[in-house]
Amino acid sequence: MLLLLTCQIHAHALDSIKVDLNGSCLSRFVWRGDMWTDDPVFWHTAIFRYKGFRSYNFFNIDLTDINDDKFQCNEYDYILDYTFSFDTFSVAPGILHFSSPTDYFKPTTKITLQIKTDLPLNMGLRIRVDPEKSRGSYYILDISQRFLFKKPINQIDFYGSLGASQPRYYGSGLKDKIAFTDILLGIGIPFDVGNGMTLTPLVEFTTLLGHHLRNGIETMGRKTETVTYGITLARGFEF
């Protein structure tokens with residue numbers, strides 16, 4: 001079960017500061033299609049926006065002793081980028097830094113680029129480039145679509161992503177120069193619960209792609225296909 005507490009700001013003034021605060025409790029932790037933890041975790045996200053600038057901060061906390069760090073922050077990541085908006089698309093170059101306060105993995109910094117478009121299904125692309133360690137790249141194709149209805153269900157959100165990577169970036173299990181690695185499909189149903197808050201139950205399905213990659217993950221005793229459940233709570237503010 002995922003409990004996500006979100007404070008979101010939807011502001012129109014160019015000089016306003018926008019803040020998103022997300023707190024989530026996931027049934028499991030899945031990263032790029034690979035299930036790292038098959039037990040509940042707590043996620044928290046703090047996003048600050050001013051004009052085109054964005055500071056995205058992500059925290060991950062285990063809720064069990066599966067990794068011997070119950071209630072400890074085992075991951076902190078941040079993105080610093082700037083969005084350039086055009087008529088039908090936007091481009092946001094920046095940097096992405098991964099770190100683990102509990103030494104779950106070694107820290108690393110990536111170059112990131114996010115492209116959003118007005119194409120069907122709101123198609124977008126995220127690019128991660130590692131200039132210091134693997135010197136490889138990872139690509140994420142995103143889609144999303146919102147369908148509107150009458151009460152009690154006002155809308156349903158569908159979303160998904162397709163990952164592709166170079167072998168030296170992903171680390172193992174890839175034989176091609178660039179190979180598809182994972183798929184995520186999700187659905188969320190938001191409900192207005194008053195006081196500017198929205199409650200959204202959701203479910204996500206993820207699967208790894210490629211024979212060599214799946215075999216490599218299975219030999220480590222991890223699942224190659226997972227279903228994650230959750231619920232989100234969102235509220236908006238403006239400064």
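**Strand pairing and a nonpolar surface patch**

Tyr-50 is partly exposed in this predicted model, with a relative accessible area of 36%. The residue belongs to strand S5, which covers residues 41-50. Because patch members need over 30% relative accessible area and no salt bridge, the 36% of Tyr-50 meets the cut-off for area. Tyr-50 is indeed one of the residues of a nonpolar surface patch, together with Ile-17, Phe-53, Leu-80, Tyr-82, Phe-84, Phe-86, Phe-89, Ile-95, Phe-237 and Phe-239. The accessible area of the patch comes to about 1000 Å². Strand S7 (73-82) contributes at least two of the patch residues, and so does strand S9 (89-99).

The strands around this region can be followed through their pairing. S5 runs antiparallel to strand S6 (residues 53-62), and 10 bridges join the two. Within this pair, Phe-48 has Ser-55 of S6 as its bridge partner. S6 is in turn paired with S7, again in the antiparallel sense, over nine bridges. Here Arg-54 finds its bridge partner in Asp-81 of S7.

The turn from S5 to S6 deserves a closer look. Two residues lie between the strands of this hairpin, and Lys-51 sits in the loop that they form. Its phi is near 55 degrees, a positive value in a residue other than glycine. Lys-51 is partly exposed, with a relative accessible area of 49%. A second case of this kind is Asn-122, located in the loop between strand S10 (108-117) and S11. The phi of Asn-122 is near 50 degrees, likewise positive in a residue other than glycine, and the residue is partly exposed at 42% relative accessible area.

Ser-85 offers an exposed position on a short element, strand S8 (residues 84-85). Its relative accessible area is 58%, and since exposed means over 50%, Ser-85 falls in that class. The C-alpha atom of Ser-85 is separated by 9.8 Å from that of Ile-115, although the two residues are 30 positions apart along the chain.

A buried charge completes the picture. Arg-128, in strand S11 (residues 124-129), is buried yet has no salt bridge. The nearest side chain of opposite charge belongs to Asp-142, 7.4 Å away; because a salt bridge requires a distance within 4 Å, Asp-142 does not qualify as a partner. The side chain of Arg-128 does, however, make a polar contact of 2.5 Å with the side chain of Thr-112.

Methods: Residues numbered from 1 in each chain as written. Predicted model: local features only at pLDDT ≥ 70, side-chain atom pairs only at ≥ 80, totals over all residues. Heavy atoms only, no water. Patch = residues over 30% accessible without salt bridge, like charges linked within 9 Å, V, L, I, M, F, W, Y side chains within 5 Å. Areas by Shrake-Rupley, 256 points an atom, 1.4 Å probe, with all protein chains shown as cover. Helix = DSSP H or I, 4+ residues; strand = E, 2+ residues; numbered from the N terminus. Buried < 20%, exposed > 50% of the residue type's maximum accessible area, 1.4 Å probe, protein only. Lys, Arg positive; Asp, Glu negative; His and termini not counted. Polar contact = N/O pair within 3.5 Å; in protein donor to acceptor, adjacent residues only side chain to side chain. Pairing = 2+ DSSP bridges.
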